[in-house]
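Trainee: Could you take me through one part of this model closely, the buried aromatic region and what surrounds it? I would like to see how the pieces connect.

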Amino acid sequence: MPVIDIHTHMLCAEWLELLESSTSRYHMAVDPAKVHDPEIPRMHIAGVPYSFHTPRPIYFDWEQRIANMDAAGVDVAVVSLTCPQGNFGGEEVSARACRVSNDDMIAAQRRWPDRIRFLAALPWMYPSRALEELAYAREHGAVGALVVGNIEGESPVDDRFAPVWEALDDAGLPVLVHPGPPPGVEVAARNGMSNAVGFHYDTTHCLERMINTGFLDRYPDITIIGSHAGGFLPFIIGRLDYQRESHRAPADYLGRIVVDSMAFSEGAMRLTFEVMSADNVLLGTDYPYGPPGQMERMRSRLAAQLSPEDLAKVESANAERLFRLDPVAAGRPAHQHSE
């Protein structure tokens with residue numbers, strides 16, 4: 001069975017150039033607070049003293065990605081563009097940012113058809129343009145889409161984004177909810193917690209709104225993937241049930257909401273599987289973010305905690321089913337490590 005990583009990112013040079021040259025709240029600057037490599041330009045938000053994203057050379061290097069996948073025994077990567085995706089710079093810049101990223105992933109998929117699939121980057125702030133980009137990305141093989149947990153302060157469940165969700169629902173495409181700097185990030189950033197706390201809050205709040213507003217009932221053919229093990233969702237699902245706003249218990253939506261395996265400790269990973277079950281967790285490594293060996297480390301943690309049967313679900317079968325990956329089309333590379 002092919003090992004499939006569904007939470008993993010790549011950037012392209014033109015996307016970064018658009019962000020650097022656009023007029024938006026995002027800018028690149030060195031961050032003296034980072035004791036390691038303090039001279040590397042990092043992504044900042046206006047008014048926030050700490051950076052939240054560091055586009056290192058490996059984030060653009062497809063050859064290195066494939067080599068690292070080989071070393072880790074990862075057969076297929078479902079790659080995506082991380083935050084802020086195309087949510088900057090006005091309509092034309094936003095649409096262009098998503099197009100160049102999608103084209104970069106399309107080119108990689110053509111070069112490594114047995115190894116690369118991708119999630120569409122969409123200019124969500126401009127729904128009509130997002131629909132155009134979704135059609136383009138689907139035509140070129142997108143197997144899902146990514147949405148940031150807040151679209152420049154707006155909840156993805158807001159009515160103005162309904163046309164995009166309707167198209168995704170019609171296509172039955174899964175959507176990865178990836179965090180971005182949440183509203184109020186300035187407060188979290190005072191202690192340098194814009195990522196560690198702010199990002200998990202952003203994912204959790206988005207998933208909670210999807211549960212409690214009837215969103216998941218309106219779009220019955222969309223499966224939502226909560227990144228980073230669903231933020232705080234596994235920990236607070238019981239509290240959401242206790243204070244629920246919807247007519248159904250939040251736990252009833254598990255299966256419509258699945259999560260990746262990117263918990264940040266062994267205890268958090270155990271809780272994720274206890275709450276979600278192995279049927280609703282997919283392998284996610286967040287590569288190329290994190291220290292070297294991220295893919296190997298995640299696979300080792302999973303192998304240590306799961307039975308061979310559950311490991312096969314998390315690393316392969318769940319993703320094949322959700323993304324409708326034909327095992328032959330997805331490839332069974334010669335290097336593959338199967339159970």
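Mentor: Happy to. A nonpolar core here is a set of buried Ala, Val, Leu, Ile, Met, Phe, Trp, Tyr and Cys residues joined through side-chain atoms within 4.5 Å. Keep in mind that this is a predicted model. The largest such core has 104 residues, and those touching the most other members are W15, W165, L168, M210, I224 and F323. Helix 3 (residues 91-111) supplies the largest share of this core, 6 residues. As background, nonpolar side chains in soluble globular proteins tend to be buried together.

Now to the aromatic residues. One aromatic cluster is formed by W124, F161, W165, F215 and Y219. Ring pairs here need centres within 6.5 Å, with planes over 60 degrees apart counted as edge-to-face and those under 30 as stacked. By this rule the count comes to 8 aromatic pairs. For W124 and F161, the ring centres are 6.3 Å apart and the planes stand at 70°, so this pair is edge-to-face. The two residues come from distant parts of the chain, 37 residues apart: W124 sits in the loop between strand 5 (116-120) and helix 4 (127-139), and F161 in the loop between strand 6 and helix 5 (162-171). Both W124 and F161 are buried. W124 also pairs with W165, with ring centres 5.0 Å apart and planes at 45°, so that pair is tilted. Because W124 belongs to the loop between strand 5 and helix 4 while W165 belongs to helix 5, the pair ties together parts 41 residues apart in sequence. W165 is buried, as is W124.

Next, look at I151, which lies in the loop between strand 6 and helix 5. I151 has a relative accessible area of 0%, so it counts as buried. Leaving out residues up to four places away in sequence, I151 touches N87, W124, M125, P156 and F161. W124 and F161, both in that contact list, are also members of the aromatic cluster. The C-alpha atoms of I151 and C83 are separated by 9.8 Å, with their positions 68 residues apart along the chain.

Another residue to follow is I224, one of the core members with the most contacts to other members. With residues up to four places away in sequence not counted, I224 touches W165, V175, V177, L207, M210, F215, L216, R256, I257 and V258. W165 and F215 in that list are cluster members too.

V177 leads us to the sheet. Strand 6 (residues 144-148) and strand 7 (residues 175-178) run parallel and are joined by 4 bridges. V177 in strand 7 stands opposite V147. These strands belong to an open sheet of 8 strands with parallel pairing, in the order 1-4-5-6-7-8-9-10. Strand 1 (4-9) and strand 10 (281-282) are at its edges with a single partner strand each, so one side of each has no neighbour in the sheet.

So the path to trace on screen starts at the W124 and F161 pair, which is edge-to-face, and passes to W165 through the tilted pair. From W165, a contact leads to I224, and I224 in turn touches V177, the residue opposite V147.

Notes
Residues numbered from 1 in each chain as written. Predicted model: local features only at pLDDT ≥ 70, side-chain atom pairs only at ≥ 80, totals over all residues. Heavy atoms only, no water. Buried < 20%, exposed > 50% of the residue type's maximum accessible area, 1.4 Å probe, protein only. Contact = heavy atoms within 4.5 Å. Pairing = 2+ DSSP bridges. Phe/Tyr/Trp six-rings, centres within 6.5 Å; stacked < 30°, edge-to-face > 60°.
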